[in-house]
Amino acid sequence: MSQVSRFYSGPGGLVGAISAALDAAGLDRRTLRPADLAPVDEFHIRGRAASLEIVEALALTADSHVLDLGSGLGGPARTLVELTGCRVTGVDLTPEFCEVATALSEWTGLSERTDFRVGDATATGLPEAAVDAALTLHVAMNIADKPALYAEAFRVLRPGGRFVVYDVLQGEGGDVRYPVPWATDPSISFLATPEEMRELLAAAGFQVISEVDSSEESLAWFQQVRARIERDGPPPVSFAAFLGDAYGQMAANQVANLAQRRIRTVMFACSRPS
Ligand SMILES: C[S@@+](CC[C@H](N)C(=O)[O-])C[C@H]1O[C@@H](n2cnc3c(N)ncnc32)[C@H](O)[C@@H]1O
């Protein structure tokens with residue numbers, strides 16, 4: 001198992017832990033909706049709100065086949081399916097996350113339109129021009145070989161298709177404070193700057209349609225999450241289910257990293273020219 005997968009794999013038994021937490025909170029599995037799972041399966045800053053923006057940017061229809069590179073627990077994939085009726089293939093390096101993603105799709109009745117497989121986002125094994133759209137959310141921070149990642153996204157996307165990247169980038173405020181939710185130390189953390197991202201995407205062949213820096217909203221999101229927990233208590237299940245007790249320190253560091261401009265959150269909407 002790679003160092004990255006080891007970081008994300010918790011103590012094991014994640015499907016059972018999530019299931020037990022939902023039962024304890026009295027959530028009926030037969031009426032479970034993707035939004036109910038967002039505190040645990042939308043594993044990126046600004047959670048479901050960010051995925052809703054990405055649905056817009058991908059310009060999907062019910063006929064679209066979409067590839068999610070680094071699909072995690074599958075929250076973004078299910079949000080896309082729920083809102084558009086599209087079909088999503090997710091590829092992720094961490095086997096336990098693929099297992100959980102598959103179970104959560106069964107519980108929400110979306111199995112037929114999602115498929116999660118273990119693989120590397122830099123070499124998915126999918127045929128050329130296989131998908132109508134692609135996305136990657138908070139994954140490239142763990143990938144040193146970014147030219148390979150964006151070249152793979154370009155290769156599998158059909159000409160004219162959209163590709164959206166929403167990632168944590170290196171800010172101008174200095175080195176990242178660790179631990180963070182993608183790494184305990186710099187050994188598996190590789191952040192690009194916004195300038196480097198523009199060059200990387202252009203070098204892969206993409207045309208950048210828009211670039212949106214949401215760092216202020218990201219900071220506000222952490223504050224809203226904290227205020228909600230103080231008011232209503234913690235959600236039934238959260239990222240702590242796999243990140244463990246360290247998640248509290250990771251979240252506090254993210255607030256400091258954003259406030260001190262050590263990190264930025266930026267979304268790039270791109271197209272593969274026809
Ligand atoms: C912070 S999570 C984001 C998950 C998901 N995109 C989301 O937003 O909910 C990062 C994910 O990237 C995956 N990952 C990291 N490096 C990868 C690689 N080379 N190929 C595929 N997945 C990778 C990890 O296993 C993890 O699931």
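**Close-up 1. Ligand nitrogen atoms and their polar partners.** In this predicted model, a nitrogen atom of the ligand is 3.1 Å from a side-chain N or O atom of D120. The backbone takes part as well: a polar backbone atom of A121 is 2.8 Å from a ligand nitrogen. A backbone N or O atom of L137 lies 2.9 Å from a nitrogen atom of the ligand. On its own, the ligand has 600 Å² of accessible area (Shrake-Rupley method, 1.4 Å probe). The protein covers 98% of that area.

The model is predicted, and local features need pLDDT of at least 70, side-chain atom pairs pLDDT 80 or more, while totals for chains, interfaces and linings use all residues. Residues are numbered from 1 along each chain as its sequence is written, and side-chain values use heavy atoms, without hydrogens or water.

**Close-up 2. The shell around the ligand.** The ligand is surrounded by 22 residues (a heavy atom within 4 Å). The closest are H44, G70, D92, T94 and A121. By class, the shell holds 10 nonpolar, 8 polar and 4 charged residues; Gly counts as polar here.

**Close-up 3. S189 in its loop.** S189 lies in the loop between β5 (157–170) and α8 (194–204). Helices here are DSSP runs of H or I with at least four residues, and strands are E runs of at least two. S189 is buried (under 20% relative accessible area, 1.4 Å probe, protein chains only), because its value is 11%. Its side chain makes a polar contact with the side chain of Y178 at 3.0 Å. Such a contact is a pair of N or O atoms within 3.5 Å, one able to donate a hydrogen and the other to accept it.

Methods
Buried < 20%, exposed > 50% of the residue type's maximum accessible area, 1.4 Å probe, protein only.
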